[in-house]
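Visitor: Please pick one part of this structure and give me a close look at it, with its surroundings. I would like to follow the details while I have the model open.

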Amino acid sequence: MLRKSILINRPQGLDGRPIAELVQVASKYESRVYLEHGKRKVNAKSIMGMMSLEAVSGEQIEVTIDGDDEENAMAEISAFLCKGDQMACPAVG
């Protein structure tokens, strides 16, 4: 299992189109993918769950991934949350 704290570096945060895109990214992997923000922990493959996160740019989000392809999933999901700029969106902790 991999767990990583990430600062969201997407201008629009996680709403609308970015949520739909992130659900598609997470769904490509067999691993279980969860995002946690505040007191909410949701399945990243669920569009309704993701809509409930209400995470905005600059906020910290916890990503937990467990499964055979967890390393590849973490790399792609991290890059998505950072909009491809890992230097502008370092892992926290």
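Guide: Let's go to strand E2, where the side chains alternate: Val33, Leu35 and His37 point to one face and are buried, while Arg32, Tyr34 and Glu36 point to the other and are not. Buried here means under 20% relative accessible area, exposed means over 50%, and partly exposed is in between (1.4 Å probe, protein chains only). In a regular strand, side chains alternate between the two faces of the sheet. Strands (E, at least two residues) and helices (H or I, at least four) are DSSP runs, numbered from the N terminus.

Before going on, a word on the source: this is a predicted model, in which local features need pLDDT of at least 70 and side-chain atom pairs count only at pLDDT 80 or more, while totals for chains, interfaces and linings use all residues. Residues are numbered from 1 along each chain as its sequence is written, and side-chain values use heavy atoms, with hydrogens and water left out.

For orientation, the protein chain has three helices and five strands, and from the N terminus on its elements run β-α-β-β-α-β-α-β. Of its 93 residues, 41% count as buried.

Back to E2 and its partners. Two strands pair if DSSP finds at least two bridges between them. E2 and E3 (residues 40-43) run antiparallel and are joined by four bridges. His37 has Arg40 as its bridge partner in E3. The two strands form a hairpin with two residues between them, and Gly38 in the turn has a positive phi of about 65°.

E2 also runs antiparallel to E4, with five bridges joining them. Here Leu35 stands opposite Val63, and the bridge partner of Tyr34 is Thr64.

Now look at the buried face, starting from Leu35. Setting aside neighbours within four places in sequence, Leu35 is in contact with Leu14, Leu22, Arg40, Lys41, Val42, Ala44, Met50, Leu53, Ile61, Glu62 and Val63; contact means heavy atoms within 4.5 Å. Leu35 also belongs to the largest nonpolar core, which has 25 residues; those with the most contacts inside it are Leu14, Leu35, Met50, Ile61, Val63, Ile77 and Leu81. E2 (32-37), E4 (60-66), helix H1 (16-27) and helix H3 (70-81) each supply at least two residues of this core. Such a core is a set of buried Ala, Val, Leu, Ile, Met, Phe, Trp, Tyr and Cys residues joined through side-chain atoms within 4.5 Å.

Turn to the other face and Tyr34. The charged end of Lys41 sits over the ring of Tyr34, 5.4 Å from its centre. A charge counts as sitting over a ring if NZ of Lys or CZ of Arg is within 6 Å of the ring centre and within 35 degrees of the ring normal.

Following the sheet onward from E2 brings us to E4, which is mostly covered, with five of its seven residues buried. Glu62 is found in E4. Glu62 counts as buried because its relative accessible area is 17%. With neighbours within four places in sequence left aside, Glu62 is in contact with Arg3, Lys4, Ser5, Tyr34, Leu35 and Glu36.

Several of those contacts make sense of the next strand over: E1 (residues 2-7) pairs with E4 in the antiparallel sense over six bridges. Leu7 of E1 has Gln60 as its bridge partner in E4. Leu7 is partly exposed, with a relative accessible area of 29%. The C-alpha atoms of Leu7 and Glu62 are separated by 8.9 Å, although these residues are 55 apart along the chain. Ser5 lies in E1 as well, and Ser5 is buried, with a relative accessible area of 9%. The side chains of Ser5 and Gln60 are joined by a polar contact of 3.5 Å. That term covers a pair of N or O atoms within 3.5 Å; within protein, one must be able to donate a hydrogen and the other to accept it, and residues adjacent in sequence count only if both atoms are side-chain atoms.

One last stop is Glu54, in the loop between helix H2 (47-51) and E4. Its phi is near 55°, a positive value in a residue other than glycine. Glu54 is exposed, with a relative accessible area of 59%.
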